[in-house]
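Trainee: Could we talk through this model together? I'd like to start with its pocket.

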Amino acid sequence: MLTLENVGLVIGSGPSAKTLLEDINLQVGPGESLGLVGESGSGKSMTLRSILRTLPEGSVPSGSVRSRDREIPSLSREELRRFRAADVSMISQNPMAALNPVLRVERFLIEGIQAAKPRTSAGDARQTALGLLADVGIHDPERCLRSYPHQLSGGMLQRVVIAGSVARGSSLLLADEPTTALDVTTQSDVVAILNEARTEAGMAMIFVTHDLDLAAAACQRIAVMNKGRIVEAGPAGEVLGSPRHEYTQMLVASKPSLTRRTPLRPIPGEAAE
């Protein structure tokens with residue numbers, strides 16, 4: 001479904017140039033979930049932006065990003081627009097950023113459904129939206145549809161964004177720390193919803209997080225990032241249960257514990273700016 005080969009990203013030029021990503025190699029197939037973990041600044045979100053081609057001004061990308069045998073960097077502007085509209089969905093850290101604050105939720109969902117299926121009438125799209133909101137655990141979908149984003153809690157907004165992602169029938173879901181601002185109970189609900197949608201629709205999912213336990217719950221495979229590089233990758237149980245790379249070992253050792261008798265082991269160095 002998605003393959004990244006030797007993906008790199010440099011921003012700036014000359015002596016001030018900075019390497020943000022280097023030699024990123026990843027694969028994720030239909031129905032699979034891949035977790036990207038690492039500390040803040042390790043390059044997780046920038047990897048997702050390399051897939052979507054929403055890169056910072058002045059950056060120089062390299063390598064191959066393929067989806068269904070299409071080379072994403074080689075797509076025309078119109079082809080890239082269609083790819084973003086139909087083939088890939090994005091869940092951001094802040095669900096409010098995905099919604100227009102002056103438009104009701106129904107406008108967001110109905111437009112998304114009609115963009116994916118242009119022949120769908122507004123009435124049919126609205127009924128589909130109601131069903132999707134119920135599927136993601138919103139108990140009063142009619143009230144939710146009529147609401148503005150500021151009238152909903154963070155957990156409900158995230159469910160709305162997930163419903164919009166599922167509604168489009170995308171083959172690829174990019175989830176960029178979708179549970180960061182949520183309480184633990186809501187986090188569990190959101191992960192369950194994502195996994196159910198992924199398995200039922202056969203979507204490929206890349207799940208970005210700095211929470212190792214959350215990654216283990218949401219993902220079948222995990223890739224660990226450090227300073228813009230993949231340092232270790234494999235099945236979630238193996239990577240977190242028997243880490244081989246020193247950085248992964250230090251990440252696992254840094255997890256808080258109620259029974260810890262030794263000081264936390266800090267990770268030396270600095271994250272990328």
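Trainee: How do the residues lining the largest pocket divide into nonpolar, polar and charged?

Mentor: This is a predicted model, where local features need pLDDT of at least 70, side-chain atom pairs count only at pLDDT 80 or more, and totals for chains, interfaces and linings use all residues. Residues are numbered from 1 along each chain as its sequence is written, and side-chain values use heavy atoms, with hydrogens and water left out. Ala, Val, Leu, Ile, Met, Phe, Trp, Tyr, Cys and Pro count as nonpolar, Asp, Glu, Lys and Arg as charged, the others, Gly among them, as polar. The lining splits into eight nonpolar, five polar and two charged.

Trainee: Which element gives the largest share of that lining?

Mentor: A pocket here is an open set of points on a 1 Å grid over the protein atoms alone, where a 1.4 Å probe fits, with protein on both sides within 12 Å along at least five of seven lines; lining residues have an atom within 4 Å of a point. Elements are DSSP runs numbered from the N terminus: helices (H or I, at least four residues) and strands (E, at least two). β6, α3 (105-116) and α6 (154-167) each give two or more residues. The largest share, five residues, comes from α3.

Trainee: Which strands stand at the edges of the sheet, and why is one side of each left without a neighbour?

Mentor: Strands pair if DSSP finds at least two bridges between them. Six strands form an open, mixed sheet, in the order β6-β7-β8-β3-β9-β10. Each edge strand has a single partner, so one side has no neighbour in the sheet; the two are β6 (88-91) and β10 (229-235).

Trainee: Which residue in β8 is the bridge partner of Val-37?

Mentor: Strands β3 (residues 33-37) and β8 (residues 204-209) run parallel, joined by five bridges. The partner of Val-37 is Thr-209.
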